[in-house]
Amino acid sequence: MYVLNGIVYASEPSEDMKITAAKALDDMIMILTFSTGETRLFDATELTGPVFEPLKDDAVFRNFRLVHGAVTWMNGEIDCSPEYMYDHSYEYISPEAAV
């Protein structure tokens, strides 16, 4: 248990999760590498709402940047937290590792 900013947490503090590498694939899928060392597949079609509508344009979706460990689009107008992307992604095993 620990206290941070007056809030008591039941678990132990952890390092901030960051995305260290990302690659856009077809159909709004991304391969993400996290600061944990894990590589995972993220389906960006899960990002819903008006703010994420521009991502349906493949050119916009593929034009992302990593800023302070988070994926951002449109010069930071759109972003998604690494924690959300981790929690909504799936383990990725590269084809080379599967052989």
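## Hairpin, sheet and core of a predicted model

In the hairpin of β3 and β4, where 4 residues lie between the strands, D27 adopts a positive phi near 60°. The two strands pair in the antiparallel sense over 5 bridges. Across this pairing, A24 stands opposite M30 in β4. The coordinates come from a predicted model.

**Overall make-up**

The protein contains 3 helices and 9 strands. Along the sequence, these elements follow the pattern β-β-β-β-β-α-β-β-β-α-β-α. The protein has 99 residues, of which 27% count as buried. Its accessible surface comes to about 6700 Å², and carbon and sulfur atoms account for 53% of that area. Taking contacts between residues at least 6 apart in sequence, 44% join residues at least 24 apart.

**The open sheet**

The strands β3 and β4 belong to an open sheet of 4 strands, with the order β3-β4-β5-β9 and antiparallel pairing. β3 and β9 (89–91) stand at the edges with a single partner strand each, so one side of each has no neighbour in the sheet. On average, neighbouring strands of this sheet are turned by 30° against each other, direction ignored. In general, strands of a sheet pair through backbone hydrogen bonds, in either a parallel or an antiparallel way.

At the β9 edge, 3 bridges join β5 to β9, and these two strands run antiparallel. The bridge partner of F42 in β9 is S89. The bridges reported for two of the strand pairs are listed below.

| Strand pair | Sense | Bridges | One facing pair |
|---|---|---|---|
| β3 and β4 | antiparallel | 5 bridges | A24 and M30 |
| β5 and β9 | antiparallel | 3 bridges | F42 and S89 |

**R40 in strand β5**

R40 is found in strand β5, which spans residues 39–43. Is R40 buried or exposed? R40 has a relative accessibility of 13% and therefore counts as buried, the cut-off being under 20%. Its side chain makes a polar contact of 2.7 Å with the side chain of S89. S89 is thus named twice here: as the polar partner of R40 and as the bridge partner of F42. Leaving aside neighbours within four places in sequence, R40 is in contact with M30, I31, L32 and F34, and also with Y86, S89, Y90, E91 and Y92.

**The largest nonpolar core**

The largest nonpolar core has 20 residues, and M30, L32, L47, V71, W73 and M85 touch the most other members. At least two residues of this core come from each of β3 (19–24), β4 (29–34), β7 (70–73), β8 (78–80) and α2 (82–87). β4 gives the largest share, 3 residues. Two of the core residues named above, M30 and L32, are also among the contacts of R40.

What does L47 touch, not counting residues up to four places away in sequence? L47 touches F42, F52, L55, W73, C80 and Y84. One of these, W73, is itself among the core residues that touch the most other members.

**An exposed loop residue**

H68 lies in the loop between β6 (64–67) and β7. With a relative accessible area of 76%, H68 is exposed. H68 and T20 are 48 residues apart in sequence, and their C-alpha atoms are 9.2 Å apart in space.

Notes: Residues numbered from 1 in each chain as written. Predicted model: local features only at pLDDT ≥ 70, side-chain atom pairs only at ≥ 80, totals over all residues. Heavy atoms only, no water. Core = buried A, V, L, I, M, F, W, Y, C linked by side-chain atoms within 4.5 Å. Buried < 20%, exposed > 50% of the residue type's maximum accessible area, 1.4 Å probe, protein only. Contact = heavy atoms within 4.5 Å. Polar contact = N/O pair within 3.5 Å; in protein donor to acceptor, adjacent residues only side chain to side chain. Pairing = 2+ DSSP bridges. Areas by Shrake-Rupley, 256 points an atom, 1.4 Å probe, with all protein chains shown as cover. Axes fitted to C-alpha atoms, helices over the stretch in contact; angles between N-to-C directions.
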